[in-house]
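Please look through the sequence and the 3D structure shown here before reading on, and keep both at hand while you follow the text.

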Amino acid sequence: MAPNPDLLRVEFLGITLRHEECPIGREQLAGLFAEVGEIYGLNRLEFGTDGGVAMTGGNGSELSARSGQTASCAVTSLGFHEGSDRVHGLMSDALARIGASEPFWIDDITLVAVWDCEEPDEGRRYLTDEVLALDEERIEMLGDDEAAHGLRMWRRVGEGSVDVAIEPMHSDTSKIYIRLVYSQDDPVLDLATVAERAESLNTYLRGPLVSFVSARARR
């Protein structure tokens, strides 16, 4: 039986942007931390040797800023859109504080999801038997009948490309781990466009990827 789509949960969203270099000082970054720390649950500030800064929090939110690159990520405990609001809020506040201006280059938008197959070892079995359709003879060629098998794909999505990894979770093989990493060579004009790219990645996960994994290879 195919996994229940209702048990697919997005657990992480991260965005890394490049922009024109702009000078940022420690006093400026400390002011940013004071401004956004309580709002986004950031409670640790660490300056880097390269002049940048990393801000982290116990709720899984992070922000890092350097003169030419800004990144933000969040654990999406309440779902994709809750995490998206936090990530884009952090990014927007940080870029405004350090004075970075458009355009932006998307180094990556990373989305991580976990799909619970409910039964012990079912995630590993489903990927091996149904998605990849590996028979016993081919598995024996690898010399390990306990091996876990996954799938890696690259494809164009809109103006960029996405790298997709689908594999059983190594810590819990009843679950399927899915990671999507989007990147784009051409610059985007504003953060609203970055948010649209992240939303498109979530739509691709919930639509074509769910359909692909659910379309069992063996009938």
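The paragraphs below go through this predicted model, beginning with its nonpolar core and ending with some details of the backbone.

The largest nonpolar core has 53 residues, and those with the most contacts inside it are Leu17, Ile109, Ile176, Ile178, Leu180 and Leu205. The largest share of this core comes from helix α5, residues 191–214, which supplies nine residues. Isoleucine 109 can serve as an example: when its neighbours within four places in sequence are left aside, it is in contact with ten residues that include Leu13, Gly14 and Ile15, then Leu180, Val181 and Tyr182, and also Val194, Arg197, Ala198 and Leu201.

Helix α5 also has a partner, helix α2, which is made of residues 80–98, and the axes of the two helices come within 11 Å and cross at roughly 160°. Because angles over 145 degrees count as roughly antiparallel, α2 and α5 are described as roughly antiparallel to each other. Their crossing is right-handed. If you want to find where the two helices meet, look in α2 for Phe80, His81, His88, Met91, Ser92 and Leu95, which face a set in α5 made up of Leu191, Val194, Ala195, Ala198, Glu199 and Asn202.

Turning to the strands, β7 (residues 151–157) and β8 (residues 160–168) run antiparallel and are joined by seven bridges. Within this pair, arginine 152 stands opposite alanine 165 of β8. The two strands form a hairpin with two residues between them, and in the turn glycine 158 has a positive phi of about 60°.

Some other places in the backbone also deserve a careful look, and a general point helps in reading them: most residues other than glycine have a negative phi, and most peptide bonds are trans. Between glutamate 102 and proline 103, however, the peptide bond is cis, with omega at about 5°, and proline 103 has its place in the loop between α2 and β6. Aspartate 121 is not a glycine, yet its phi is positive, at about 70°; this residue lies in the loop that runs between β6 and α3. Alanine 133, again a residue other than glycine, has a positive phi near 55°, and it is found in the loop between α3 and α4.

Are these two residues buried or exposed? Aspartate 121 has 30% relative accessibility and therefore counts as partly exposed, and alanine 133, with a relative accessible area of 30%, is partly exposed as well.

Note on methods. Residues numbered from 1 in each chain as written. Predicted model: local features only at pLDDT ≥ 70, side-chain atom pairs only at ≥ 80, totals over all residues. Heavy atoms only, no water. Pairing = 2+ DSSP bridges. Helix = DSSP H or I, 4+ residues; strand = E, 2+ residues; numbered from the N terminus. Core = buried A, V, L, I, M, F, W, Y, C linked by side-chain atoms within 4.5 Å. Buried < 20%, exposed > 50% of the residue type's maximum accessible area, 1.4 Å probe, protein only. Contact = heavy atoms within 4.5 Å. Axes fitted to C-alpha atoms, helices over the stretch in contact; angles between N-to-C directions. Parallel < 35°, antiparallel > 145°, perpendicular 65-115°, else oblique. Left-handed = near helix turned anticlockwise from the far one by under 90°.
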